[in-house]
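Subject: A structure for you to look at

Hi,

Here is the structure I promised to pass on. Please open it first, then read my notes below with it on screen.

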Amino acid sequence: NSRTLVGASGEYSDLQSISDLLRRNALEDRCTADSLYEEETESEECAKEVWSYLRAVMYNRRNKMNPLWNDVVVAGFKQDADGTTSDEPFLGIVDKIGTAYEDDILATGFGSYLALPLLREKYSANMEEGEARALLEDCLRILFYRDCRALNRVQIAKVTKESGVLVSEPYELDTNWEFKGFITNKGEMGTDGGW
């Protein structure tokens, strides 16, 4: 929906299955709504509802010994009791076995090992958007340097109460390969060529 951002790492085909499940669930909600007219049914699922649904799906698939091989991050806003969007932001994660939790800072995959410590060290609740973007780009740059299968072409997304989900156009991070350790042939150092 327009107020919830879902991001994931892991198996792409399983992510497509999750996307299909979420679309099917949203369609079922619309078809079973009290009104047939779109303007009268503005009660989309909030981010916390999507997160709870994904937690149940992931846990169920794990119990059937057929897990969806993804870690899924859900971001957005919570809902008030009357169904309106709350001012309280939501950020939650569900892993491949159905473990779910909420936090102010989350990462999946390789980012949970390298980027999460940096985010915890430099994050503050009152950061400006430009500062947050610069911190995120620094984390993505470090991940790019450390993963031989990564690209420096990224997209950054955010959720606002006014505009909903906003996803940037793809762009390339500036990188610097002048560090001598990056260009020295490892075979010349008396090693087997590995790190």
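Helices and strands here are DSSP runs, at least four residues for a helix and at least two for a strand, numbered from the N terminus. Keep in mind that this is a predicted model.

First, the overall layout. The protein has 5 helices and 8 strands. Along the sequence they come in the order β-α-α-β-β-β-α-α-β-β-β-β-α. The protein has 195 residues, and 29% of them count as buried. About 13,300 Å² is exposed, with carbon and sulfur atoms supplying 50% of that area. Now take the contacts with a separation of 6 or more: 56% of them link residues 24 or more positions apart.

Next, strand β2. Go to residues 70–79. Is β2 largely enclosed or not, and how many of its residues are buried? The count is 9 of 10, so the rest of the structure largely encloses β2.

What does β2 pair with? One partner is β1, residues 4–10, which runs antiparallel to β2 and is joined to it by 7 bridges. Find Ser9 and you will see Asp71 of β2 opposite. Another partner is β3, residues 85–94, again antiparallel and joined by 7 bridges. Here Gln79 stands opposite Thr85 of β3. β2 and β3 form a hairpin with 5 residues between the strands. In that hairpin, Gly83 has a positive phi near 90°.

There is another positive phi to find. Most residues other than glycine have a negative phi. Met65 is not a glycine, yet its phi is positive, near 60°. Where is Met65 found? Look in the loop between α2 (47–63) and β2. Is Met65 buried or exposed? Its relative accessible area is 73%, and exposed means over 50%, so Met65 is exposed.

Last, helix α3, residues 111–122. Which of its residues are buried? They are Gly111, Ala115, Leu116 and Leu119. Viewed down the axis of α3, these buried residues fall within an arc of 105°, so they line one face of the helix. The spacing helps to explain such a pattern: an α-helix has 3.6 residues a turn, so residues three or four places apart point the same way. The buried residues of α3 pack against α4 (129–146). Turn to the face away from the buried side of α3 and you meet the exposed residues Tyr113, Arg120 and Glu121.

Best wishes

Definitions and conventions
Residues numbered from 1 in each chain as written. Predicted model: local features only at pLDDT ≥ 70, side-chain atom pairs only at ≥ 80, totals over all residues. Heavy atoms only, no water. Buried < 20%, exposed > 50% of the residue type's maximum accessible area, 1.4 Å probe, protein only. Contact = heavy atoms within 4.5 Å. Areas by Shrake-Rupley, 256 points an atom, 1.4 Å probe, with all protein chains shown as cover. Pairing = 2+ DSSP bridges. Arc of directions from axis to C-beta.
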